[in-house]
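Okay, thanks for coming, everyone. Let me put the structure up on the screen, and then I'll talk you through the charges and the fold.

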Amino acid sequence: MLNIVLFGPPGAGKGTQSQKLITHYNLVHLSTGDLLRAQIAQGTELGLTAKKLMDEGLLVPDSVVIGMIDSALSTNPTASGFIFDGFPRTVAQAQSLDDLLARHEATIGCMIALEVVEEELVARLLERGKTSNRPDDQNEEKIRRRVHVYNTETAQVASYYAAQNKFHSLNGIGEIDEIFEQITQLIDKAC
Ligand code: B4P
């Protein structure tokens, strides 16, 4: 089983690269952002709570996203592996992911972090905001808050995986296909 955490700040290219990786390696894509947006679209109580936080660029509670990942793992018992995109975003989420995978006798193979400077992130997300209909992409102040939340609450998750010798990072600026090529080389060598 190949389980990969794709990591990086908002707009680093996690969702973009995940789409290519799931085809290349025949993996299941688990994006907590997509799962939350599906709840919002269905108008569930969970979605209503999450929407308020997401629109402000804040994280939703750990218990909510961990519960979603738990059920997604259970509903894909025959998967040959998973790409975790946008999860874990806190150390508590990372610990829970290890526990959940252990129940399925699986582990994370590696974390791959995409490094992109803040001004490029802001430019990309404002550009996406013109067509994405995502309120969190349409306001520079909210985008910068998301980057701040990443720096203060999420970046430390890298140390969690570094302590297990599973952390790898790449420059996330450049052509999408070239970055994909570098990610696959890394996965084939190290994960
Ligand atoms: P996410 O849905 O995870 O959104 P994201 O981080 O903004 O997107 P991503 O990083 O995947 O975008 P991509 O680079 O692919 O999270 C949204 C919100 O949900 C969070 O703020 C939080 O509130 C909540 N949430 C989600 N998970 C959570 C968790 N685990 N715990 C708590 N809360 C959680 O794309 C960005 C743009 O860049 C695209 O337009 C793309 O075309 C472009 N792009 C990509 N690669 C490029 C390249 N190489 N060059 C130029 N442009 C590129």
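So, charges. The protein has 17 positive and 25 negative ones, and the mean positions of those two sets are 3 Å apart. Before you ask, this is a predicted model, so please hear everything I say with that in mind.

How do these charges meet up? Side chains of opposite charge can pair when their charged atoms come close. In this structure there are 16 salt bridges, and I'd like to show you a few of them.

Start with Lys20 and Asp177. Their closest N and O atoms are 2.8 Å apart. Lys20 sits in helix α1, residues 14-25, while Asp177 sits in helix α9, residues 176-190, so this salt bridge ties together parts that are 157 residues apart in sequence. Lys20 itself is partly exposed, at 27% relative accessible area.

Next one: Glu56 with Arg145, where the closest N and O atoms come to 3.0 Å. Here Glu56 is in the loop between α3 (45-55) and α4 (62-74), and Arg145 is in helix α7, residues 140-154, so again we have a pair tying parts together, this time 89 residues apart in sequence. Buried or exposed, or something in between, for Glu56? Glu56 is partly exposed, with a relative accessible area of 33%, and Arg145 is partly exposed too, at 27%.

Now look at Asp137 and Arg128, which form a salt bridge at 2.7 Å, N to O. Asp137 is buried, with 0% relative accessibility, whereas Arg128 is partly exposed at 35%. And these two have company: a network of salt bridges links Arg128, Arg134, Asp136, Asp137 and Arg146.

Okay, let's step back to the whole chain. We've got 9 helices and 5 strands, and if you walk along the sequence the order goes β-α-β-α-α-α-β-α-β-α-α-α-β-α. The radius of gyration is 16 Å, close to the 16 Å that the globule rule gives for 191 residues, so the protein is as compact as a globular protein of that length. Along its principal axes, the C-alpha trace spans about 40 × 40 × 30 Å.

What about the inside and the outside? Buried residues make up 47% of the 191. On the outside, the protein exposes about 9500 Å², and carbon and sulfur atoms supply 50% of that.

Last thing, contacts. Take those between residues at least 6 apart in sequence: 74% of them join residues at least 24 apart.

Technical notes:
Residues numbered from 1 in each chain as written. Predicted model: local features only at pLDDT ≥ 70, side-chain atom pairs only at ≥ 80, totals over all residues. Heavy atoms only, no water. Helix = DSSP H or I, 4+ residues; strand = E, 2+ residues; numbered from the N terminus. Rg over C-alpha atoms; globule rule 2.2 N^0.38 Å. Buried < 20%, exposed > 50% of the residue type's maximum accessible area, 1.4 Å probe, protein only. Contact = heavy atoms within 4.5 Å. Areas by Shrake-Rupley, 256 points an atom, 1.4 Å probe, with all protein chains shown as cover. Lys, Arg positive; Asp, Glu negative; His and termini not counted. Charge placed at Lys NZ, Arg CZ, Asp CG, Glu CD. Salt bridge = Lys/Arg side-chain N within 4 Å of Asp/Glu carboxyl O.
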